Amino acid sequence: MKKYLKNDLENLADIFAAWMGGYPTETEEIKSFLTNTGLEGLLFVPDIERIFFHNAFLSKEAATAVYALLPLKLKLKDIELNLFPQSFNRLNIKTSRQKGSGVLNTRIEIAYKIKEKYYAKKIQFITENKDKLRYQNQKAKHPEQLKATAQNYLNNLSEEQKAQRRDKARLRMQKYRQEHPESIKKVNQKAQAQKTELQKISERINARKRGKEYRQNNKEKIAAKNKAYRELKKAENPELYALKEREYNLSEGHKKSSQKYYETHKDEITQKAKDNPKTKQYKQKYKAKKRFQQKTGAQILSLLQSILNSKTR
């Protein structure tokens, strides 16, 4: 098989070469192609040879049947293009006008069967996705021009319009992830497997930075959300909430995080305590409590025990 080395289609032979993956050099390659594509019975080895080497073209009925079996997207040298029926017919007619060209003698009854089975569905798909398919062709043929046009369009949008586009894109992705969880999982796993350890470490660092920045810029929003969640859980089951809260407060992780927070914000906490008008009252209560525990408490308890002992005699 001789490779197809063009990024455009100039005649019917080019279409078949792109379809086959190149120009055939052996009869067996043509036979395999006819069998695998469903063309067997409609076209034969000599027909394909005439298409490639003698400017043969298809009758109207045969052209419709061949297009029905033809993949919509053809792989050329460097790009892939969607071939619309109008383009296919134009290249078939162009071939018919070449010197020495001749129409292939095909079996009309088989052409009609193929058309009836495949053609309508293919045309329906093309009609429903016409804009998307044309965009794909433009992107393949003129990527830089399309990119520049898209960038120019974005540059002319207002900040509000850009925000709306981002919101719509985010909602589309959310919907897609919900509807295709397995597909998303496979894509993520494949992408992760292709990354180096350095890339993975770098991504984790960047993720932590983004998380820290988000928390700093949205402190009030996060606090309100957490408070609302706690209130909801507390209302659902007060006893369970109190138990879990106590367990959390006594956990080593909470103690360590509290100690770390205090060391990091020591000056801020000290200043806040000084500015609190109730700090003096708290200190007085604390001193009274310690005094009771260390001095007066023992004396009072001893006195009460003596009174109880005297009453029992």
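**Exercise 1. In this predicted model, determine whether E203 is buried, exposed or partly exposed, and find which residue forms a salt bridge with E203.**

Step one takes the accessibility: E203 has 36% relative accessibility, so E203 counts as partly exposed, given that buried means under 20% and exposed means over 50%. Step two looks for the partner, which is K195, and the closest N and O atoms of this salt bridge are 2.8 Å apart. Step three treats the partner in the way E203 was treated: K195, at 23% relative accessibility, also counts as partly exposed. Step four follows K195 to a further residue, since K195 and Q192 are the residues in contact with K200 once the neighbours of K200 within four places in sequence are left aside. K200 itself lies in helix α11, which covers residues 197–217, and with a relative accessible area of 19% K200 is buried, because the limit for that class is under 20%.

**Exercise 2. Find how E159 and K162 are placed in helix α9, and say whether each of them is buried, exposed or partly exposed.**

Begin with the helix, which covers residues 159–179: within helix α9 the two residues are three apart, and E159 and K162 are therefore separated by about one helical turn. The next step is the link between their side chains, for E159 forms a salt bridge with K162 in which the closest N and O atoms are 3.9 Å apart; this value falls within the 4 Å that a salt bridge allows. The last step compares each residue with the class limits: E159, with a relative accessible area of 57%, is exposed, whereas K162, at 25% relative accessibility, is partly exposed.

**Exercise 3. Work out which residues are linked with E10 in a network of salt bridges, and how many salt bridges are counted.**

First take the pair formed by E10 and K6, whose side chains meet in a salt bridge with an N to O distance of 3.7 Å. Then widen the view to the network, in which K6, E10 and D14 are linked. For the surroundings, E10 is partly exposed with a relative accessible area of 37%, and K6 is partly exposed as well, with a relative accessible area of 25%. Finally, the count of salt bridges comes to nine.

**Exercise 4. Identify which residues gather in the patch of positive charge, which helix gives the most to that patch, and which residues make the nonpolar surface patch.**

The positive patch on the surface gathers K274, K283, K287, R291 and K295. Helix α16, residues 279–312, gives the most to this patch, with four residues. One of the residues in helix α16 is K295, and at 55% relative accessibility K295 counts as exposed. Turning to the nonpolar patch, I300, L303, L304 and I307 make a surface of about 350 Å². I307 also has its place in helix α16, and at 37% relative accessibility I307 counts as partly exposed.

**Exercise 5. Establish where N137 lies, whether N137 is buried or exposed, and which residues are in contact with N137.**

The position comes first: N137 lies in helix α7, which covers residues 130–141. Its relative accessible area is 10%, so N137 is buried, since the limit is under 20%. The final step sets aside the neighbours within four places in sequence, after which L81, N82 and F84 are the residues in contact with N137.

Definitions and conventions: Residues numbered from 1 in each chain as written. Predicted model: local features only at pLDDT ≥ 70, side-chain atom pairs only at ≥ 80, totals over all residues. Heavy atoms only, no water. Patch = residues over 30% accessible without salt bridge, like charges linked within 9 Å, V, L, I, M, F, W, Y side chains within 5 Å. Areas by Shrake-Rupley, 256 points an atom, 1.4 Å probe, with all protein chains shown as cover. Lys, Arg positive; Asp, Glu negative; His and termini not counted. Charge placed at Lys NZ, Arg CZ, Asp CG, Glu CD. Buried < 20%, exposed > 50% of the residue type's maximum accessible area, 1.4 Å probe, protein only. Contact = heavy atoms within 4.5 Å.
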